[in-house]
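Biologist: Before I rely on this model, I should like to hear how its descriptions are justified. Could we take the terms one at a time?

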Amino acid sequence: MINLVWLVPVLPLLGFLINGLGRRYLSKSQVGVVGSGVILAAFVISVMIFLEVRQPGFSGQVVTLFDFINVGRLQIPFAFQVDQLSALFLLIITGVGSLIHIYSTSYMHDESNEGFARYFAYLNLFVFSMLLLVLGANYVLMFIGWEGVGLCSYLLIGFWFKNASYNKAAKKAFVMNRIGDLGFLLGIFGMIAMFSSVTFSEVFSKTAALGAHSNYSSQIAIIAMLLFIGAMGKSAQIPLYTWLPDAMAGPTPVSALIHAATMVTAGIYMVARSNVLYTLAPQIQTVVAVIGLATALLAASIALVQNDIKKVLAYSTVSQLGYMFLALGVGAYTAAVFHVMTHAFFKALLFLGSGSVIHAMGGEQDIRKMGGLKKFMPTTNWTFLVGCLAIAGIPGLSGFFSKDEILAHTFEHNKIMYVLALAGALMTAFYMFRLYYITFTGSFRGTHEQEHHLHESPVAITLPLVILAILSIVGGYIGLPEVFGVKHWLAEYLSPIFAPSAPFIEAHHLEHSMEWLLMGLSSVLVIIFIFIARSKYVKYADTGRENTGLAKVLENKWYVDELYDAVIVKPLGMLSRFFQDALEKAGIDRLVNGVGRSITWGSQQARRLQNGQVGFYVFAMVIGIIVLFVIGLLL
Amino acid sequence: MPVQYYIFLSIALFCIGIMGVLMRRNAIIIFMCIELLLNAVNLLLVAFSKMWADAGRIDAAAAQIFVFFIMVVAAAEVAVGLAIIVMVYRNTHSVDINILNRLKN
């Protein structure tokens with residue numbers, strides 16, 4: 001089965017080609033069957049691969065397809081890495097991906113035939129790139145997938161390209177990602193210079209062989225930092241996070257798949273994959289943890305006051321990604337991957353739920369104009385509630401286990417970070433339930449026409465919601481903490497991946513009583529915050545009052561966009577204008593035009609010699625002969 | 001006679017020919033002047049041939065063969081040139097070459 005792994009990315013590529021080339025000829029149902037079918041088939045193969053990989057004692061395998069780049073000593077084969085980490089990501093990508101494809105067949109049904117096929121072609125191409133990213137056995141292949149998902153993200157954010165602001169959001173996402181990609185690329189170059197290899201196994205074994213306090217530790221730190229810059233761009237961390245909230249311009253299933261469940265976790269995957277590099281660069285690990293924590297807090301604070309249903313979820317995504325980086329930064333790689341998985345379930349669920357709401361509201365995204373949707377959309381309501389409970393970290397649901405693992409590891413690492421992370425978790429609980437209560441409870445505040453139109457979504461939309469809700473509930477049980485007297489299944493499953501860095505991590509375990517205490521503390525506080533949100537927003541009425549003070553700053557997202565605009569965009573624009581006016585127009589243009597003009601002038605002068613008078617020609621000839629004669633005599 | 005006489009006569013004929021070609025507008029006279037140029041060269045060739053023959057060079061007669069070539073080519077040129085002039089006269093009722101400027105544009 002492992003040898004058939006190439007089928008997993010090839011199937012979505014096939015779907016992309018069929019839907020992309022046949023977009024004029026295929027009907028919507030054909031496109032939907034092809035688009036969802038290939039992902040579903042890839043999911044089935046992924047499950048079979050996973051079943052093989054999860055056998056105890058399975059060690060990672062590399063399936064080499066063909067030689068890709070051979071230059072001197074540097075050899076980069078086109079090879080796939082099949083191990084515990086990539087198999088888990090395969091499951092998440094194809095599993096959540098196929099649910100979202102099924103959902104899209106209904107959600108995007110109002111598009112024209114061609115637009116529908118274009119959408120599915122892009123979505124299939126995205127899944128292909130994402131699978132390439134997680135399957136690649138070296139950093140170059142990973143980078144190809146990395147760029148591919150960036151491209152698809154751009155194409156899908158700007159899917160409705162007739163809207164200028166959507167196009168701007170797409171461009172913003174692309175440019176922000178490129179900044180990060182440059183870091184990643186430089187990191188790969190550094191790796192080639194240092195190890196003359198980009199293959200995972202070689203790089204990691206060579207790094208681990210160098211050990212903790214080698215002469216090369218600064219080089220390792222530089223490579224780790226450059227790779228992390230790439231992760232910052234793709235996974236929307238400070239300072240490159242501003243593209244993700246704007247990326248909500250895309251269709252909602254796209255937000256769920258690309259901007260919540262899969263693509264933005266590519267950075268986590270990359271850092272988790274390169275865990276040896278980070279473990280051996282403790283100072284960079286601290287940077288990762290601090291940036292993750294800062295992003296988690298900043299994004300959570302912004303989410304507290306946003307009124308666009310998708311924006312709240314977008315900032316929540318940024319914040320949760322921050323938690324994952326915090327986990328990576330404190331060396332809790334398993335916890336980060338665990339949170340990637342549970343987050344993929346409940347965030348995809350929340351986004352798809354919001355899509356169902358937006359669909360029912362006829363495109364309205366402002367939660368102030370919703371309210372009381374509970375009785376109109378029962379399935380969406382309860383699945384959304386499950387998602388909120390899961391992300392808030394109510395005991396028993398998936399988010400609780402993964403988040404608590406991160407918090408516990410942070411507590412081991414640094415007490416101040418723990419307090420801040422806990423504060424972020426409480427903010428998460430608060431804004432998620434603010435969103436829930438404003439949207440689903442109280443009385444309906446939209447127009448009469450919208451109220452008349454309200455309905456529960458069709459089964460193609462609710463089925464993925466129900467499946468994801470079930471996964472959000474049970475997904476956490478693969479990683480029960482050891483205090484429950486069971487083995488942490490996920491930690492054991494992933495241990496081969498993180499084994500190379502294990503010798504360098506000081507193992508210190510919390511006492512069980514302490515862990516119980518932390519768990520209890522966070523659970524009680526989360527429940528208290530949910531009740532605060534309930535008392536404040538359960539009978540929400542839109543007063544239309546402007547926010548003041550801190551709330552206004554939060555509503556304007558800490559003015560970060562304005563800051564970037566003033567510090568980077570405007571000076572850059574001025575510089576470009578300077579180059580355009582001073583260098584281009586006054587310098588280069590004048591030079592080029594001057595050359596052209598002088599040649600024209602010169603030719604006009606020379607043209608007069610050809611006057612058509614034979615006598616003149618003969619005269620010139622005679623003069624020429626005489627001149628030659630005289631020169632001959634003189635010399 | 002010393003060869004200088006022939007050279008000076010030849011130069012005189014050549015200059016007359018050149019001036020005629022440059023100055024005159026009548027096609028027939030220009031034509032005659034061209035003949036004059038050719039014959040000036042012929043004269044020079046014959047003169048030098050005689051000079052080298054007197055000096056005992058056995059290959060001096062080669063110059064006279066050149067003269068015959070030039071005469072043949074000149075005869076052919078006259079045939080074509082006169083035909084052109086006749087056609088020009090038929091079309092323009094003039095042999096003034098400046099009238100032919102209209103080919104220019």
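Modeller: The expected span of a helix is 1.5 Å times one less than its number of residues. Please bear in mind throughout that this is a predicted model.

Biologist: How do you know that the ends of helix 22 of chain A, residues 512-537, lie as far apart as they should?

Modeller: Helix 22 of chain A has 26 residues, so at 1.5 Å a residue it should span 38 Å; its end C-alpha atoms are 37 Å apart, which agrees.

Biologist: What makes Phe529(A) of helix 22 a buried residue?

Modeller: A residue is buried if 20 or more other C-beta atoms lie within 10 Å of its own. Phe529(A) is listed among the buried residues of helix 22, and therefore meets that cut-off. The others in the list are Ser522(A), Val526(A), Ile530(A), Ala533(A) and Tyr537(A).

Biologist: Which helices do the buried residues of helix 22 of chain A pack against?

Modeller: They pack against helix 16 (378-392), helix 17 (398-413) and helix 18 (415-440) of chain A.

Biologist: Why is helix 14 of chain A called mostly covered?

Modeller: Of the 21 residues in helix 14 of chain A, 20 are buried. Across chain A, 49% of the 635 residues count as buried.

Biologist: How do you know that the span of helix 14, residues 309-329 of chain A, agrees with its length?

Modeller: The 21 residues of helix 14 should span 30 Å at 1.5 Å a residue, and its end C-alpha atoms are 30 Å apart, so the two agree. Helix 14 is followed by Gly331(A), whose phi is positive, near 85 degrees.

Biologist: What makes a group of residues a nonpolar core, and which members of the largest one touch the most others?

Modeller: Its members are buried nonpolar residues joined through C-beta atoms within 7 Å. The largest core has 206 residues, and Leu328(A), Ala336(A) and Ala348(A) touch the most other members. Apart from this core lies another, of six residues, including Ile18(B) and Phe31(B).

Biologist: Which residues does Ala348(A) touch, if those up to four places away in sequence are not counted?

Modeller: Ala348(A) touches Val96(A), Ile100(A), Ala256(A), Ala260(A), Ala261(A) and Leu468(A).

Biologist: How many residues does each chain bring to the contact between chain A and chain B?

Modeller: Chain A gives seven residues and chain B six. On the side of chain A, four are nonpolar, three are polar and none is charged.

Key:
Residues numbered from 1 in each chain as written. Chains lettered and ligands numbered in written order. Predicted model: local features only at pLDDT ≥ 70, side-chain atom pairs only at ≥ 80, totals over all residues. Contact = placed C-beta atoms within 7 Å. Nonpolar A, V, L, I, M, F, W, Y, C, P; charged D, E, K, R; others polar. Buried ≥ 20, exposed ≤ 12 C-beta atoms within 10 Å, placed from the backbone. Helix = DSSP H or I, 4+ residues; strand = E, 2+ residues; numbered from the N terminus.
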